[in-house]
Amino acid sequence: MDEFREMFFVECDELLEGLANGLRKMEDPDFDKETVHAVFRAVHSIKGGAAAFALTTLVTFAHRFETLLDLIRSDRMDTPPQIIALLHRSSDCLSDLVMSARQSAEPDQAHVDGLLAELDALIEDDDPVADTSFEFTPIVLDFGDAPTPAPTAEEGIIVRMTPNFELYRSGNDPLALLAALRKLGDATVELNVDAVPRLEDWALERPQLGWTVRISGAVSELDVRSVFEFVDDCCRLSISRIEEEQPVMAQLPMADPVMDTPPSPTSAPQAPVAEVPPVVAPPAARPSGAVTEPAQGATIRVGLDRVDRLMNMIGELVIKEAMLSQVIQTAGLHESPDVVAGLDSIRQLAGDIQESVMAIRAQPLKLVFQRMHRILREAADATGKPVRLVTIGEQTEVDKTMIERLVDPLTHMIRNSVDHGLEDALTRQRRGKPQEGTITLSAAHRSGRVQIEVSDDGGGINRPKVRQIAEDKGLIAPGSNLTPSEIDQLLFLPGFSSKDEVSALSGRGVGLDVVRREIMALGGRVMIDSVEGKGTTFSIALPLTLAVLEGMLIQLGGQTMVLPITAVQETLQPDRSMLHGVGKDSQLLANRGDLIPIIDLCQTFGLDEAEKEGGVLIVVESDSRKRAAFRVDGIFDQRQVVIKSLEQNYGRVPGVSAATILGDGKIALIIDPEEIILSLSNDHGRHMAAMASNG
Amino acid sequence: MLQAISSNAIGQSDVVAFKLADQDFCIDIGLVREIRGWTPTTMLPHAPGYVKGVINLRGSVVTVVDLSARLGFGSATPSQRHVVIIAMHAGRVVGLLADLVSDILTIDEDHIQGVPDIASNPAREFITGMITLEDGRILRKIDLAQLLPVPHGADA
């Protein structure tokens with residue numbers, strides 16, 4: 001039973017996601033009718049499942065929610081922003097109820113009751129007797145001179161269709177459609193030539209010929225729809241009941257602006273005042289012309305552990321392949337073309353398999369981004385700032401583990417942007433910005449990494465204030481000489497919170513330092529970019545996977561170690577004139593005017609000291625833009641390495657993030673440059689703080 | 001004579017016996033995954049002296065503990081003839097470096113005696129019992145849990 005229960009909740013997650021997605025589509029005034037159906041089905045399925053497990057609260061709520069959706073579905077209710085906002089809140093509440101049912105926790109009954117009352121108010125206002133009249137709406141809306149229904153005795157349906165070029169090209173014949181329609185009942189067919197252009201303007205790819213079919217008798221819309229089942233994406237279609245004399249069904253959204261039917265009055269008037277700011281997805285985010293979602297292929301559910309095992313084995317394969325090629329090299333066979341070709345194809349295959357498995361683990365960031373809409377909505381409500389969220393590049397794929405671990409940092413960053421980034425509506429007005437703030441969440445692949453950006457169009461970072469706070473809290477010494485970007489970095493210091501009063505929203509004792517730590521744990525880094533008066537952008541750069549890493553193989557006191565290439569800025573063989581001793585132990589590298597502290601990695605790892613003079617310096621930069629030069633004995637290769645956990649069988653080693661296996665089967669440790677640099681600057685920071693307290 | 005290898009009957013247990021600095025030791029066979037020859041390790045920075053480093057065991061990173069150093073005999077200089085006993089304890093895999101594996105024996109649990117008061121530390125911490133064999137040799141039974149390096153902090 002528990003197993004089924006768990007399965008139900010997994011399904012709920014998917015349904016809720018589809019629900020939230022659909023509701024966002026409904027924000028668009030001329031949304032596709034199918035969207036409402038999909039939303040309705042999602043709620044209905046949750047209700048059905050919940051009933052099977054006797055989750056009463058969930059069932060009650062879902063039922064009421066479903067009733068409201070049914071009203072919308074059957075065109076008995078309009079969808080102005082207030083209703084959409086209510087639907088969003090209901091969807092959030094449903095999600096909460098599912099969550100509490102899953103954890104067998106008590107739901108927030110007061111909240112649920114409040115929403116139920118709102119839903120009921122709408123539902124009961126709707127008089128089921130007068131239901132066929134589409135313009136009867138339960139909330140007071142200014143419809144202007146909406147046409148009054150002219151009831152007629154005649155019963156039937158009017159179908160207006162204008163086939164697209166697609167329909168003709170795919171070999172469909174309008175005649176067959178018309179014939180099928182005639183079978184439904186007593187039909188009169190009328191040809192519309194009004195839209196057909198003059199011959200000199202005629203274009204093959206823009207057919208304008210349309211037909212109006214009036215079918216009398218008890219014909220259901222569903223029957224008509226089924227005729228068009230296979231062509232409804234390549235045909236402009238409107239279906240209305242004769243007795244209404246108005247097209248009710250929304251047209252299928254078309255790229256072509258020419259419509260042969262008057263726009264449905266339901267979509268034209270807007271509610272006079274929108275109390276809740278609508279969170280509207282930008283039209284630009286939707287590819288023009290694309291009406292339907294990409295078809296869902298057949299899928300199977302596979303446990304993550306199985307995929308991980310496969311991934312491990314492929315890691316092994318890559319290592320074995322490297323070992324084999326080394327053996328062949330030593331055996332002197334590497335000149336034989338057969339061996340080389342065979343080895344090459346194995347290498348190719350191994351690479352392909354690795355990529356395929358990584359693709360299995362890869363998931364679109366959409367899964368995280370979608371959840372951010374709700375976070376934003378709540379943040380906007382809590383602060384009273386009207387905000388809209390624009391998401392770009394939702395389809396960008398990253399490793400599944402990363403998807404899960406991105407939720408918290410992104411949530412915090414969105415809240416932070418709403419709370420601290422955006423000005424309030426009044427200030428925005430004064431500065432000549434639109435009252436509604438915009439937060440853009442974007443993702444893209446950039447040179448082997450995934451870049452995620454959270455940007456707001458707020459006032460930018462108030463640097464003097466940030467500096468003052470940092471000084472007040474003793475994070476920096478008063479009067480220290482900091483560049484603007486160094487001041488921005490202060491936001492990431494533990495114990496820094498820029499709002500004077502702790503706000504309910506982002507001031508939960510969790511600062512941006514936590515965000516940074518979480519991102520770093522994923523092998524990524526966070527950067528800030530802020531322009532005064534224009535806004536702030538936080539960018540996160542993440543590796544594509546947690547399983548492999550591009551590394552520089554270095555020699556260190558007889559050991560081979562790996563340095564992640566992402567941290568490396570440059571490598572150089574220093575001149576004596578570039579090195580400057582400071583005190584007894586420290587050395588600085590003077591490189592193009594910068595003074596960079598030198599860290600002897602042999603010393604850091606307690607290895608046999610390398611000779612001070614020789615060796616190579618690798619300049620690395622940390623996420624906090626702090627630089628250091630690592631002294632190593634030599635660099636000998638650069639390659640992809642498979643990441644192996646060290647903590648599983650041993651534990652954490654300071655300055656080491658993980659291990660990998662080299663071509664010869666030996667283990668090499670992967671250096672964590674961030675931690676090494678940070679340990680240096682922490683001492684430095686403490687030193688500065690000590691100086692501050694003394695002065 | 002000693003009994004042949006048998007499945008664990010009541011009151012009996014199988015052990016892997018090995019030699020270390022001319023003394024006989026043993027650990028419970030249930031803990032042992034495999035025995036392999038010595039391969040050079042990769043050192044771990046800031047690790048305690050008795051941790052020889054890590055080796056690659058079919059794709060897993062396995063820590064190798066120098067039993068000789070751990071038991072106070074002094075650090076071993078491993079050669080081709082040394083063996084690494086791969087053991088598993090509490091979900092962690094560890095390699096134990098020993099001079100050689102001598103036997104797999106079935107012992108009566110009644111025959112395991114407590115450890116007499118001896119001065120020699122640290123060996124006493126890790127030995128949980130003594131077994132006298134019929135040929136007069138004495139097996140020292142080792143407690144794996146005590147031997148293993150502390151996951152974090154031992155290096156601090």
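Chain B of this predicted model is built from three helices and eleven strands. Walking along the sequence, the order runs β-β-β-β-β-α-β-β-β-β-α-β-β-α, so five strands come before any helix turns up, and a helix closes the pattern, as helices and strands are assigned here.

How much of chain B is tucked away from the surface? Of its 156 residues, 45% count as buried. What remains accessible on chain B adds up to about 7500 Å², and 51% of that comes from carbon and sulfur atoms. As for how the chain folds back on itself, take the contacts in chain B with a separation of 6 or more: 55% of them link residues that sit 24 or more positions apart.

Chain B also has a partner. Here, 25 of its residues are in contact with 23 residues of chain A. Together the two chains bury about 2000 Å² between them, with carbon and sulfur atoms giving 59% of this area. On the chain B side, a trio stands out: B:Thr42, B:Met43 and B:Val61 supply 28% of the area that chain B buries against chain A, more than any other three residues.

And what holds hands across the boundary? Salt bridges between chain B and chain A number zero, while three residue pairs are in polar contact across the interface. Strand S4 (51–57), strand S5 (60–66) and strand S7 (92–98) of chain B are the elements that each give two or more residues to the side touching chain A. Sorted by class, that side of chain B has 14 nonpolar, eight polar and three charged residues.

Key: Residues numbered from 1 in each chain as written. Chains lettered and ligands numbered in written order. Predicted model: local features only at pLDDT ≥ 70, side-chain atom pairs only at ≥ 80, totals over all residues. Heavy atoms only, no water. Helix = DSSP H or I, 4+ residues; strand = E, 2+ residues; numbered from the N terminus. Buried < 20%, exposed > 50% of the residue type's maximum accessible area, 1.4 Å probe, protein only. Contact = heavy atoms within 4.5 Å. Areas by Shrake-Rupley, 256 points an atom, 1.4 Å probe, with all protein chains shown as cover. Buried area = accessible area lost by both parts, 1.4 Å probe. Salt bridge = Lys/Arg side-chain N within 4 Å of Asp/Glu carboxyl O. Polar contact = N/O pair within 3.5 Å; in protein donor to acceptor, adjacent residues only side chain to side chain. Nonpolar A, V, L, I, M, F, W, Y, C, P; charged D, E, K, R; others polar.
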